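Biologist: Could you walk me through reading a structure like this one, feature by feature? I would like the general idea each time, then the case at hand.

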Amino acid sequence: MNDSPLSLQNVSLNFGAVTVFRSLSLQVLSGEFVAVVGPSGCGKTTLLNLLSRFIKPVSGTVQCAGRVRMVYQHDSLFPWQTVAENIALGLRHIGDHEERGRQLKGMLQLIKLEEFANHYPHQLSGGMRQRVELARALVGDTDILLLDEPFSSLDYLTRLRMRNELSRMLQQFPRTVVLVTHDIEEAAQLADRIVVLSDRPAQICCEVRVALERPREPTHPQVVNTVHRILAELGLEKRESSTLSLSAL
Amino acid sequence: MKEEPVSTKAHVLPLVVLFAALLVWLSLSLLKVFPESVFPSPSAVARGFIEETRKGRLLDDLVASLFRVTTGFTIAVFTGIPAGLWLGHHARFRTALLPLINFFRSLSPLAWIPFAILWFGIGDLPTIFLIFMASFFPIVLATIAAVANIPSVYFRVAHDYGFQQRELLTKVTLPAIAPQVITSLRVTAGLAWLVVVAAEMIAGRAGLGFAIWDARNGLRMDLLVCGMIVIGVIGMIIDIVLYQLTKIASVRWGYER
């Protein structure tokens, strides 16, 4: 397996006169969970679009080795398809009909929505829909999961549940993950490494590693400490309150 | 207080209103508020209905009108939806053609009657042409709007999951626009039914519109009302038939969320 299936090397990108990235480099190791946080509009979603090769950089190289799936910020389930049909989209590349059925059944069991297999997305709650989105992205032989603020439209309690759900699903379906989020607590609770981006043109202003097994509690001291460190780095909290030093680049 | 099931109310309430309307009509005619010659009684209309049915004229007129509407509307659907799909996906052509489509949409189809008679004579063809002109442009516009409203994320997902070009049409665009297009078909079918009556009055030798015009010329107000009732009932039935399309499971999302 490639040690670094996802990487950006000296990538620059601009939209017209607006420079989004200038010589940005990032490597994601195989099986690593990287969260990207930063100010609004700094280019976090654009970073995912580059990694998924949906857009091309002006200069620099993007490496993306493996089958990539993305979970979007807004409802992206096909509303005219049932839960089972939506998840089955992720199995289209599997030729064997029986194998597809077996994997679909397994995934429905994993997300505990077997009874809702024939329901349509509008008949589900926000949390259930998001579970289906994750299931569609995780099912099948995929390697890389890109998450673009997948829980941002959910209420806080549902977001907490969905974090646990994601950790549980990744235990069964380990993937290389890049999560873009506004929610620093979410990043600290889920990721192995948190990349903090600066304002445009975005640079990686620091990386924070969290050496703690998942699933983690949001109130675990190490998670709380990580939140303080990132807030300090973003200039939203005084550095004195951050108890641990930053591994700034 | 416990609420009655909606379905029971949905069936009973319209019948109550219908019965009340009949009662008002009957009372007005019994009290002779208006002369019989300008306000036929329910019994006169019922007799006229039986007379027309026995002679077979009512059925002939009904079949003639339905044939024209079905033909004109079907041609409009099978040309209007593809045209709307194509224009919905091609911004440059849409920009170029939209003013023209809006121009023709704003023209009353009845304004075409002189040309329809000149080009197609009297009979089925001019009426079918007028129904087509009444239906085509609203269907094109509704389809363009429905395509424009498809969230781009659906195409992104389709790209992620390896959809082919043909699948983008059959598995994304068509199901995504279905609810809006079905609604527009219901509205447009009603419009087509309105036009057939008006067109047959001038450019027809048979049909419900012609029957009304014929009754007016013969001062048979009972037959005129009889024709009006049949037209109204058929219009309702057309809508009920098209409404069934909204019950298809894969389009319910467009009406329920």
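Modeller: Let us begin with a single residue: B:Ala203 lies in helix H8 (residues 165-203) of chain B. Helices (H or I, at least four residues) and strands (E, at least two) are DSSP runs, numbered from the N terminus. This is a predicted model, in which local features need pLDDT of at least 70, side-chain atom pairs count only at pLDDT 80 or more, and totals for chains, interfaces and linings use all residues. Residues are numbered from 1 along each chain as its sequence is written, while chains are lettered from A and ligands numbered from 1 in the order in which they are written.

Biologist: Is B:Ala203 buried or exposed?

Modeller: A residue is buried if 20 or more other C-beta atoms lie within 10 Å of its own, exposed if 12 or fewer, and partly exposed in between, with C-beta atoms placed from the backbone. B:Ala203 counts as buried because it has 25 C-beta neighbours inside 10 Å.

Biologist: Which residues does B:Ala203 touch?

Modeller: Contact here means that the C-beta atoms of two residues, placed from the backbone, lie within 7 Å. Leaving out residues up to four places away in sequence, B:Ala203 touches B:Ile113, B:Ala116, B:Ile117, B:Ile122, B:Pro126 and B:Thr127. B:Leu130 is 73 residues from B:Ala203 in sequence, yet their C-alpha atoms are 9.9 Å apart in space.

Biologist: How do I judge whether H8(B) is straight?

Modeller: Compare its span with the expected one, which is 1.5 Å times one less than the number of residues. H8(B) has 39 residues, and a straight helix would reach 57 Å, but its end C-alpha atoms are only 45 Å apart. You can also look for a bend, the angle between axes fitted to the seven residues ending at a position and the seven starting there. In H8(B) a kink of about 50° lies at B:Ala178, shortly before the proline B:Pro179.

Biologist: What does the span of helix H4 (residues 91-106) of chain B show?

Modeller: Its 16 residues should span 22 Å at 1.5 Å a residue, and the end C-alpha atoms are 22 Å apart, so the two agree. Still, H4(B) has a kink of about 45° at B:Leu97, shortly before the proline B:Pro99. H4(B) is also hardly covered, with a count of zero buried residues among its 16.

Biologist: What does chain B look like as a whole?

Modeller: Chain B has 11 helices and zero strands. Its C-alpha atoms fill a box of roughly 70 × 65 × 30 Å along the principal axes, and 32% of its 257 residues count as buried. Among its contacts with a separation of 6 or more, 73% join residues 24 or more positions apart. Domain bounds come from an automatic or database domain assignment, and chain B is divided into domain 1 (1-33) and domain 2 (39-256). The centres of these two domains, taken over C-alpha atoms, are 30 Å apart.

Biologist: Now for chain A: in what order do the strands of its open sheet lie?

Modeller: Two strands pair if DSSP finds at least two bridges between them. In chain A, six strands form an open sheet in the order E5-E6-E7-E3-E8-E9, with mixed pairing. Strand E5 (68-71) and strand E9 (204-209) are the edge strands, each pairing on one side only. Strand E8 (residues 193-197) of chain A runs antiparallel to E9(A), and five bridges join them. A:Arg193 stands opposite A:Arg209 in E9(A).

Biologist: Which helices lie across these strands?

Modeller: For angles, axes are lines fitted to C-alpha atoms, for helices over the stretch in contact, and values run from 0 to 180 degrees between N-to-C directions. Among them, helix H1 (residues 44-51) of chain A runs at about 150° to E7(A), and helix H4 (residues 126-138) of chain A runs at about 170° to E5(A).

Biologist: Which backbone details should I check in the loops?

Modeller: Look at omega and phi. The peptide bond from A:Arg200 to A:Pro201 is cis, with omega near -10°, and A:Pro201 lies in the loop between E8 and E9 of chain A. Another cis bond leads from A:Arg214 to A:Pro215, with omega near -5°. As for phi, A:Arg53 has a positive value of about 65° although it is not a glycine. A:Arg53 counts as exposed because it has 12 C-beta neighbours inside 10 Å.
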